[in-house]
Amino acid sequence: MAGIKDVAARAGVSVATVSRALNDHPSVSAQARARVLRAVDELGYRPNAVARSLRTDQTRTLGLVTSDLLNPYFTELARSVEEQARALGYSVIIGNADERPELQDHYIRTLLDRRIDGLLMAPIEGGSPLIPAAAREGVPMVFVDRWIAGIDVPVVRADGRAAVRDLVAHIYELGHRRLAIIGGPALTTTGRERVDAFRAALAEYGLELPETYVGQGNFQAESGRRATERFLDLAQPPEVVFAADNLMALGALDALRARGLRVPRDIALAAFDDIAWFIHTDPPITAIAQPTGELGHAAVRALVERIAGRPAPSVTLPARLVVRRSCGERSDS
Ligand code: HPA
């Protein structure tokens, strides 16, 4: 296999110039770079990333430990992380924790063993001594979407409170007074925050959130179905079900249909997180949309700052309400 010396000989430049040309160093003329790239093509040369890592002590690789890749929100987030990382010259290794603390630990350990340059996480709390330990050791880290209090790591997230208030206002205007929520795991900030925001928004309208109207979900579809069945078995079922993520909303929709209920005529439904196919469901689902792509980009930029040893501030972007038809008439799209 051709080596860097062969490329240098064919291009008629020094080995150092080949190296600089391949790393887009500004000191290399456009002409020399073109000759190097032609020689690389002709010889089928592949730079040895392992050798470079040993030399530079950098792998140009980021780790992303995501909570559930089957959740379209996290799929979109992973896509935007990958996109921004590529633009900045990094590859991404993804670990899917599947909402399980032991898998989260497994991936953190594996990624650190592989000497990633930095770690992005949407963490589950509770199980993992590795997270505070890595932060203490100075591993560059950024939390995205979810975070853990007390660990000094920048957080890139959306604030859904105003959008939840807008949702409750919309539902209230439609005349509904009995509102229920399917929450996420208590071991996640997103699980707790969405219930808190909902309760606070109801209070502004003088409405209460009884415990029977708080379903315990795990952000996956089956839990949305079960929580909805429990609501429907109550002596006085809610008039509205708000699912704290998109998968639980789909599970809820299944449960409502299985009981022969029509949305929104018999019961209203709304979701946190907007996903592409919410416009294709019957009815299209009213949802709180996060700026997911921007969050992924901002998280990578923050992590690359941390890798360079610079401070990176936390970033909070607003979420927004997208009204469709699943709560009643009035629709944005
Ligand atoms: N879980 C599920 N869906 C989500 C989350 C989460 O933590 N954050 C945004 N969408």
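Helix H12 (292-307) has 16 residues and reaches 23 Å from its first C-alpha to its last, close to the 22 Å expected at 1.5 Å a residue, the expected span being 1.5 Å times one less than the number of residues. This is a predicted model, in which local features need pLDDT of at least 70 and side-chain atom pairs count only at pLDDT 80 or more, while totals for chains, interfaces and linings use all residues. Residues are numbered from 1 along each chain as its sequence is written.

**Helix H12**
- The buried residues of H12, among them Leu 295, Val 300 and Arg 306, each have 20 or more other C-beta atoms, placed from the backbone, within 10 Å of their own.
- What covers these buried residues includes H5 and the strands E1 (61-66), E3 (118-121), E4 (141-144), E5 (155-159) and E11 (315-318).
- Just after H12, Gly 309 takes a positive phi of about 85°.

**Domains 2 and 3**
- The protein chain is divided into domain 1 (4-47), domain 2 (59-157 + 292-316) and domain 3 (159-290), with bounds that come from an automatic or database domain assignment.
- The contact between domain 2 and domain 3 takes 14 residues from the former and 15 residues from the latter, counting C-beta atoms, placed from the backbone, that lie within 7 Å.
- On the side of domain 2 that touches domain 3, helix H5 (72-87) and helix H12 each give two or more residues.

**Ligand shell**
- The residues around the ligand include Ser 67, Asp 145, Arg 146, Phe 219 and Asp 273, each with its C-beta atom, placed from the backbone, within 6 Å of the ligand.
- Domain 2 and domain 3 each supply at least three residues to this shell.

How values were computed
Contact = placed C-beta atoms within 7 Å. Helix = DSSP H or I, 4+ residues; strand = E, 2+ residues; numbered from the N terminus. Buried ≥ 20, exposed ≤ 12 C-beta atoms within 10 Å, placed from the backbone.
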